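Here is a short tour for a computational chemist, built around the ligands and the helices that surround them. Have the viewer open and follow along.

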Amino acid sequence: MKNLYITVVCLPLLYLVLFTDIPLLGQSNSRRVESSTDPRAVDWVKLNPAFKGASFVRDKEVCMTCHQETSEKYQKTTHGRLFGFNPRGNLEATDCESCHGPRGKHVEEPDSTLALSVEQYSVVCMQCHQDGNRMYWQTSLHKTADVGCVSCHTVMEKRSHTALLSNENQLTVCSTCHTDVKVKMSRTTHHPIQEGKLDCSFCHNVHGAPGRAMLAKGSTNETCYSCHQEKRGPFLWEHSPAREDCLTCHEPHGSNNRNLLVTQSASLCVSCHQYGGHINQYRYNRVSTPYGNGCVNCHATVHGSSHPSGAKFTR
Ligand code: HEC
Ligand code: HEC
Ligand code: HEC
Ligand code: HEC
Ligand code: HEC
Ligand code: HEC
Ligand code: HEC
Ligand code: HEC
Ligand code: HEC
Ligand code: HEC
């Protein structure tokens with residue numbers, strides 16, 4: 001019975017494995033590019049045809065014979081520690097080559113034919129990072145403007161406290177391209193970003209978000225409410241512009257008027273309330289009167305009031 005099993009089942013199988021090219025055990029005998037068994041793995045040849053015929057080395061010691069210094073810095077990063085010492089699955093265990101592709105050929109003939117562009121690197125990163133925060137990456141204003149993961153992240157060495165940024169903090173990373181925002185951030189009133197209390201990413205999801213300016217919470221007001229809860233209300237007396245859009249009166253990045261206002265507060269109010277609401281009390285309306293500089297001296301609750309007699313936002 002046992003002998004019969006060997007001749008009828010095992011020998012033909014052995015023949016198939018040894019002498020044909022049918023990938024019975026998930027691997028072919030031909031010298032194709034080995035694909036990682038992880039379904040997330042990119043098709044390297046499709047990404048860059050120069051990978052054709054290359055196999056994985058799967059040993060960073062080999063890379064280190066020529067890239068010693070680079071590898072030592074890399075090993076101190078989140079990826080370096082994780083992939084080197086505690087890999088979860090095949091893709092992570094591929095270490096260097098999970099981002100640089102099969103390098104067998106490169107080890108024999110080191111050149112730069114396998115180098116990847118900014119855009120190609122984004123495809124490589126998305127093998128593992130196609131999760132929550134990057135759900136809208138494909139349609140994000142950054143991706144569509146040819147900004148890639150490596151425009152903001154440097155993964156070969158640790159330069160920032162968190163998130164492997166290309167520079168020490170977000171302000172410096174973003175400022176290289178958004179110089180206008182940086183200029184606004186140094187106006188007399190600004191959100192305390194350069195003081196280190198806040199980051200761009202508290203208001204923006206730079207990996208992409210539906211809605212304007214990639215705002216983190218979908219709409220402007222929802223984004224603002226996430227920290228300024230008291231402005232959400234509900235109020236007994238709503239001031240409709242505050243309910244609709246905080247940016248009617250505020251400049252989020254910085255302003256030379258107090259309280260991040262888009263203009264001086266009196267002219268701000270008068271832009272909608274032509275007579276200042278005091279048709280018979282002309283003196284209230286003049287910017288030059290003692291009251292002038294601040295409608296808010298009397299109208300102290302311009303964001304809305306819950307006081308029974310707060311209909312005119314005076315309390
Ligand atoms: C998480 C992805 C990733 C991993 C893992 C990774 N690299 Fe890199 N590597 C990059 C990216 C992206 C660049 C492009 C330059 C940059 O943005 O810093 C790069 C650049 C390089 C460069 C050329 C520039 C330089 O600094 O000399 C070398 C060499 C290199 N990597 C070797 C390695 C080696 C060796 C390993 C493993 C010990 C490794 N990399 C692991 C992503 C990775
Ligand atoms: C025999 C020496 C040698 C070995 C081994 C070697 N490299 Fe390189 N590597 C080089 C040289 C030289 C260059 C620069 C080529 C150039 O700029 O023309 C380079 C460039 C690179 C670059 C930047 C350009 C590109 O192709 O993206 C990366 C990334 C890289 N090597 C990764 C690796 C990895 C990963 C390994 C291990 C699997 C490895 N190298 C093994 C010599 C080597
Ligand atoms: C415009 C700059 C920018 C680009 C482009 C960018 N990132 Fe980020 N990324 C950041 C900043 C800033 C943070 C830190 C703030 C945060 O946690 O959202 C971050 C955080 C992360 C984190 C850690 C927190 C998290 O969201 O899981 C990962 C992972 C990440 N980025 C991956 C990527 C990948 C992958 C790409 C390309 C598809 C990419 N990033 C493109 C700026 C960028
Ligand atoms: C083989 C899978 C894999 C690839 C490829 C990969 N990453 Fe990661 N990355 C991880 C894992 C795992 C972590 C640890 C955090 C986690 O569990 O998400 C991580 C963490 C990060 C973090 C957060 C680091 C920190 O210290 O806060 C950033 C940023 C990041 N990756 C960016 C990138 C970029 C940019 C690329 C492409 C150049 C890339 N990753 C490629 C698996 C990968
Ligand atoms: C307090 C929340 C907040 C913070 C913090 C913040 N932004 Fe914004 N940002 C906004 C809002 C709201 C808009 C939408 C403006 C509009 O639609 O007119 C915006 C718009 C933008 C725009 C689009 C064009 C423009 O200038 O209006 C860019 C670029 C931008 N932000 C970059 C940044 C950068 C870079 C940082 C960090 C240095 C940052 N933002 C920090 C709220 C914020
Ligand atoms: C490599 C250059 C580059 C870097 C670095 C960069 N950006 Fe951008 N960003 C762009 C480009 C290009 C656009 C496309 C729209 C434009 O031209 O303003 C854009 C768009 C944006 C927008 C949407 C603007 C709009 O018109 O609605 C926001 C918000 C933004 N970036 C925030 C950030 C933040 C925050 C950082 C840092 C974490 C950052 N960017 C880093 C180049 C960059
Ligand atoms: C991540 C939290 C956060 C978000 C989101 C946020 N803010 Fe702020 N805001 C702050 C902090 C912190 C301060 C500084 C408070 C202080 O210094 O006492 C501040 C201050 C302000 C000030 C007063 C500035 C001054 O100098 O007097 C205004 C006005 C303001 N925010 C408006 C907004 C608007 C409008 C939005 C939405 C676009 C917004 N904030 C979103 C945290 C936030
Ligand atoms: C109609 C114009 C207007 C709109 C719209 C508006 N604000 Fe204001 N905001 C002001 C004025 C004026 C001040 C200065 C108030 C003062 O000096 O008492 C101010 C001050 C602030 C301050 C700092 C002082 C304080 O009250 O904490 C914050 C924070 C603030 N606004 C957040 C918001 C948020 C969030 C929104 C959107 C929900 C918003 N504002 C919409 C006019 C406006
Ligand atoms: C973008 C236009 C706009 C701006 C700017 C604006 N308001 Fe208003 N305000 C309105 C609208 C619309 C109403 C509701 C009018 C109504 O119900 O008849 C209103 C109502 C009021 C009321 C109650 C009026 C009533 O008849 O019950 C007062 C008081 C008021 N605003 C004061 C201010 C002050 C003070 C400022 C400056 C900080 C200001 N508003 C800025 C549009 C604006
Ligand atoms: C000295 C205090 C004071 C100042 C300064 C002041 N207001 Fe008033 N305002 C009031 C009072 C009190 C009322 C309520 C009048 C009433 O109920 O008849 C009022 C009513 C209003 C109304 C509602 C009018 C209506 O028809 O019911 C508007 C709009 C208004 N003010 C806007 C402004 C604007 C804009 C400024 C700045 C240019 C301003 N106020 C400056 C005290 C002031």
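Ligand 4 lies between domain 1 (43–115) and domain 2 (130–218), because both domains give residues to the shell around ligand 4. Please keep in mind that this is a predicted model.

Of the 20 residues around ligand 4, the nearest are Thr78, Cys125, Cys128, Cys149 and His153. Five elements give two or more residues to that shell: helix H5 (78–85), helix H6 (90–93), H7, H9 and H11. Among these, H9 makes the largest contribution to the shell around ligand 4, with six residues.

Next, ligand 3. Its surroundings comprise 18 residues, and Cys125, His129, Asn133, Cys149 and Cys152 come nearest. Helix H9 (118–129) and helix H11 (149–152) each supply at least two residues of the shell around ligand 3, and the largest share, four residues, comes from H9.

Ligand 6 is surrounded by 17 residues, with Ala145, Cys174, Cys177, Cys200 and Ala213 the closest. Here helix H10 (141–144), H11 and helix H12 (170–175) each supply at least two residues of the shell. H12 provides the largest share of the shell around ligand 6, three residues.

The make-up of each shell by residue class is set out below.

| Shell | Nonpolar | Polar | Charged |
|---|---|---|---|
| Ligand 3 | eight residues | nine residues | one residue |
| Ligand 4 | twelve residues | seven residues | one residue |
| Ligand 6 | eleven residues | six residues | no residues |

Helix H9 deserves a visit of its own. Does the distance between its ends agree or disagree with the span expected for twelve residues? At 1.5 Å a residue, the twelve residues of H9 should span 16 Å, and the end C-alpha atoms of H9 are 16 Å apart, so the two agree. Within H9, Tyr121, Ser122 and Val124 are buried. These buried residues cover an arc of only 165 degrees around the axis, which means that they sit on the same side of H9. As for their partners, the buried residues of H9 pack against helix H7 (96–100) and H11.

Finally, step back to the whole chain. The protein has 17 helices and zero strands. Of its 315 residues, 16% count as buried. If we take the contacts between residues at least 6 apart in sequence, 51% of them join residues at least 24 apart.

Methods: Residues are numbered from 1 along each chain as its sequence is written. Chains are lettered from A and ligands numbered from 1 in the order in which they are written. This is a predicted model: local features need pLDDT of at least 70, side-chain atom pairs count only at pLDDT 80 or more; totals for chains, interfaces and linings use all residues. A residue is near a molecule or strand if its C-beta atom, placed from the backbone, lies within 6 Å of it. Ala, Val, Leu, Ile, Met, Phe, Trp, Tyr, Cys and Pro count as nonpolar, Asp, Glu, Lys and Arg as charged, and the others, Gly among them, as polar. The expected span of a helix is 1.5 Å times one less than its number of residues. A residue is buried if 20 or more other C-beta atoms lie within 10 Å of its own, exposed if 12 or fewer, and partly exposed in between; C-beta atoms are placed from the backbone. The arc is that of the directions from the helix axis to the C-beta atoms. Two residues are in contact if their C-beta atoms, placed from the backbone, lie within 7 Å. Domain bounds come from an automatic or database domain assignment.
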